[in-house]
Amino acid sequence: EKRPDAIAVVFEEEQLTYKQLNQRANQLAHYLQTLGVKPEVLVGICVERSIEMLVGLLGIFKAGGAYVPLDPNYPSSRLSYMLSDSDVGVLVTQSQLLESVPENNARVICLDTDWSVIEQHSKSNLDTGVDSDNLAYVIYTSGSTGRPKGVMVEHLGILNMIDDQVDFLEISSRDRILNFANYIFDAVVWEIWITLLGGAGLVLISDEMVGDPVSILEVITTKKVSVALLPPQFLNLLNKVSLPKMRILISGGEEAKGEDLNHYAKSMRCFNAFGPTECSVYFSIYEIPRGNTQRSIPIGKPIS
């Protein structure tokens, strides 16, 4: 409402303004509600990285539901287990991925081929009745202790983390934030909602770029990315290359490598963040002092 014509998301040569993103998500949400989606109802989402991914996630939230991310590249047996265990009634996907989705009992919606039906619905905002105690998403763990387990996260945890970090990191409309993480991981929760609730612009990368530092560096440079949350392993691949457009770099997901963070702390604000999926992305953060030489980086202090 404040900046409807500002760019909310960019993916390759595509982009949507805040108004366009909001309206598309509203149309999907109204449609999902006709299928029974409401608070505490789980909706599966199995998509490729794309603007449709963002419309899908936001649309599920706007309908009042909680999303269950499903990676189309997972083995069929794992996807079958997750679909059965979560018992999703609706599955949001794309037509090119239908062959990857195992047989299930959910009502399947394709964001591409079904859009002509979806866009018949209202573009207006919805009153879903969702409160802070309702589920926001269910993310399945790696299953290192046996079968994967669905971690249920409520809206309160996300809002607390985002509200604190938008203020702490001074996120604003001048920022462009990179979507590095796959949406099946909770790091994407930070990337997407800190962007949208901070009024910034989200920069998506394609699935093909993951693991290709050269391509991602080109995106960071050409799209003027200023904020990114990157795993230490990827920072190591960058080999201390210059990131002149960036003002904030956060390391998370595994043990931080002091050598890399100390290097980047010379030219920007650099942080180490820590927290498991159960605690809404991360719950503690440490800012690396400029000129730091310590190789062991603390996990810092709790956020508000």
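User: Helices are DSSP runs of H or I with at least four residues, strands are runs of E with at least two, and both are numbered from the N terminus. With that in hand, where is Lys266 found?

Analyst: Happy to help, and please keep in mind that this is a predicted model. Lys266 is exposed, with a relative accessible area of 56%. Its C-alpha is 15 Å from that of Ser251, which is 15 residues away in sequence. As for its place, Lys266 is found in the loop between helix 9 (258–264) and strand 13 (269–274).

User: How many helices and strands does the chain have?

Analyst: Those loops and runs belong to a chain of 304 residues. Counting along it gives nine helices and 15 strands.

User: What radius of gyration does the chain have, set against that of a compact globule?

Analyst: Along the principal axes, the C-alpha atoms fill a box of roughly 55 × 50 × 35 Å. For 304 residues, a compact globule would have a radius of gyration near 19 Å. The chain agrees with that, since its own value is 19 Å.

User: What share of the contacts with a separation of 6 or more comes from residues 24 or more positions apart?

Analyst: Let me start with burial: 53% of the 304 residues are buried. Turning to contacts with a separation of 6 or more, the share from residues 24 or more positions apart is 60%.

User: Which helix gives the most to the largest nonpolar core?

Analyst: That core has 83 residues, and those with the most contacts inside it include Leu32, Tyr137, Trp190 and Ile250. The greatest contribution from a helix is nine residues, and it comes from helix 2 (residues 51–63).

User: Which residues does Ile250 touch, leaving out those up to four places away in sequence?

Analyst: Ile250 is one of the residues with the most contacts inside the largest nonpolar core. With sequence neighbours up to four places away left out, the residues it touches are Leu169, Trp190, Ala228, Leu229, Leu230, Phe271, Ala273 and Tyr282.

User: Is Asn26 buried or exposed?

Analyst: Asn26 sits in helix 1 (residues 18–34). Among the residues it touches are Lys62, Ser122, Lys123 and Asn125. The cut-off for buried is under 20% relative accessible area. Asn26 has 0%, so it is buried.

User: And is Glu218 buried or exposed?

Analyst: Glu218 has its place in helix 7 (residues 213–222). Its C-alpha is separated by 32 Å from that of Glu1, 217 residues away along the chain. Exposed means over 50% relative accessible area. Glu218 has 51%, so it counts as exposed.

User: What is the phi of Lys224, which is not a glycine?

Analyst: Lys224 lies in the loop between helix 7 and strand 11 (227–230). With a relative accessible area of 54%, Lys224 is exposed. Its phi is positive, at about 55°.

User: In which loop is Asn239 found?

Analyst: Asn239 is a residue other than glycine with a positive phi, near 55°. At 61% relative accessibility, it counts as exposed. You will find Asn239 in the loop between helix 8 (232–238) and strand 12 (248–251).

User: How far apart do the centres of the positive and negative side chains lie?

Analyst: The chain exposes about 14,100 Å², and carbon and sulfur atoms supply 48% of that area. Its charged side chains number 25 positive and 37 negative. The centres of these two sets are separated by 8 Å.

Terms used
Residues numbered from 1 in each chain as written. Predicted model: local features only at pLDDT ≥ 70, side-chain atom pairs only at ≥ 80, totals over all residues. Heavy atoms only, no water. Core = buried A, V, L, I, M, F, W, Y, C linked by side-chain atoms within 4.5 Å. Buried < 20%, exposed > 50% of the residue type's maximum accessible area, 1.4 Å probe, protein only. Contact = heavy atoms within 4.5 Å. Rg over C-alpha atoms; globule rule 2.2 N^0.38 Å. Areas by Shrake-Rupley, 256 points an atom, 1.4 Å probe, with all protein chains shown as cover. Lys, Arg positive; Asp, Glu negative; His and termini not counted. Charge placed at Lys NZ, Arg CZ, Asp CG, Glu CD.
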